[in-house]
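This briefing is meant to be read beside the sequence and the model. Please keep both in view and find each residue as it is named.

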Amino acid sequence: QAVRDSLRADSLAEKDRGLNPFGLALFRRSTSLFARALAGPVDANYRLGPGDGLVLILTGDVELAHELVVTREGFIAIPQVGQLYVSNLTLGQLEDLLYTRLGRVYSGVRRGAGATTRFNVTVARLRTVQVFVTGDVARPGSYQISAAGTALSALYAAGGPTENGSFRHVEIRRGGRLL
């Protein structure tokens, strides 16, 4: 709400100077509103990739905590369990995989009320991805943003659109294809 009120005030102040795209003032001032998030909650659909940091906690029959990093090759290594390929798995799929693999080593790990060992896996550190922002933006170029970032995060990193740019025509391309 505060951002919206500030944008309205800026729009009224700029009205005397001519028409500007609504919201452009947000990109022209310094704020941490769209700062790169390297930690924080992610949902079960978050796709894991090289550089993500995970925390695996087992409680019950055993009390263990492991800090795991997804390697460049896409693996994590869990002591006594082994190496697991996790790259491009969602957090939900990783949990399913962990029930199987942890259950082979720790007999108490299973789904349901009969489990005597429970586990929790969370993303403790998000990887960064390199994006290229081109077109009518203030500072076109290459930027590192959080893997959980959005098109708005990339646009903010590039200083927002120029006066000739538009918020209405933003394209996201990956591997040469329009998404």
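In which loop does Asn 88 have its place? Asn 88 sits in the loop between E4 and H3, and the bullet points below return to it after setting out the chain as a whole. Please bear in mind throughout that this is a predicted model.

**The chain as a whole**

- The chain contains four helices and nine strands, and when it is read along the sequence these follow the pattern α-α-β-β-β-β-α-β-β-β-α-β-β.
- Of the 179 residues in the chain, 31% are buried, while the accessible surface comes to about 11,300 Å², with 51% of that area belonging to carbon and sulfur atoms.
- If one takes the contacts between residues at least 6 apart in sequence, 48% of them join residues that are at least 24 apart.

**Strand E1 and its two partners**

- Strand E1, which covers residues 53–60, pairs in the antiparallel sense with strand E2, residues 64–69, and six bridges hold this pairing.
- Three residues lie between E1 and E2, and the two strands form a hairpin, in which Leu 58 stands opposite Leu 64 of E2.
- E1 also runs antiparallel to strand E5, residues 117–125, to which it is joined by eight bridges, and here Leu 56 stands opposite Val 121 of E5.

**The nonpolar cores**

- As general background, nonpolar side chains in soluble globular proteins tend to be buried together.
- The largest nonpolar core in this model has 22 residues, and those with the most contacts inside it are Leu 54, Leu 56, Leu 98 and Leu 102.
- Two or more residues of this core come from each of E1, strand E3 (75–78), helix H3 (91–105) and E5, with H3 giving the largest share, four residues.
- Apart from this core lies another, made of nine residues, among them Val 133, Val 137, Ile 145 and Tyr 156.
- Leu 54, when its neighbours within four places in sequence are left aside, is in contact with a list of residues that includes Leu 48, Leu 68, Ile 76, Leu 94 and Val 123.

**The largest pocket**

- The largest pocket has a volume of about 1,100 Å³, and 30 residues line it, of which Val 131, Ala 154, Glu 171, Ile 172 and Arg 173 lie nearest its centre.
- At least two residues of this lining are supplied by each of strand E6 (128–133), strand E7 (141–146), helix H4 (151–157) and strand E8 (173–174), and E6 gives the most, with five residues.

**Residues in two loops**

- Asn 88, whose place in the loop between E4 and H3 was noted at the start, has a positive phi of about 75° although it is not a glycine.
- Ser 87 is likewise found in the loop between strand E4 (82–85) and H3, and, not counting residues up to four places away in sequence, Ser 87 touches Leu 48, Gly 49, Pro 50 and Gly 74.
- Is Ser 87 buried or exposed? Ser 87 counts as buried because its relative accessibility is 17%, and the cut-off for a buried residue is under 20%.
- Gln 80 lies in the loop between E3 and E4, and its phi is near 70°, a positive value in a residue other than glycine.
- Gln 80 has a relative accessibility of 62% and therefore counts as exposed, the cut-off for that class being over 50%.

Notes. Residues are numbered from 1 along each chain as its sequence is written. This is a predicted model: local features need pLDDT of at least 70, side-chain atom pairs count only at pLDDT 80 or more; totals for chains, interfaces and linings use all residues. Side-chain values use heavy atoms; hydrogens and water are left out. Two strands pair if DSSP finds at least two bridges between them. A nonpolar core is a set of buried Ala, Val, Leu, Ile, Met, Phe, Trp, Tyr and Cys residues joined through side-chain atoms within 4.5 Å. Buried means under 20% relative accessible area, exposed over 50%, partly exposed in between (1.4 Å probe, protein chains only). Contact means heavy atoms within 4.5 Å. Accessible areas come from the Shrake-Rupley method with a 1.4 Å probe; for residues, only the protein chains shown count as cover. On a 1 Å grid over the protein atoms alone, a cavity is a set of points where a 1.4 Å probe fits but cannot get out, and a pocket is an open set with protein on both sides within 12 Å along at least five of seven lines; lining residues have an atom within 4 Å of a point. Grid points are joined across faces, edges and corners, and a volume is the space filled by probe spheres set on the points.
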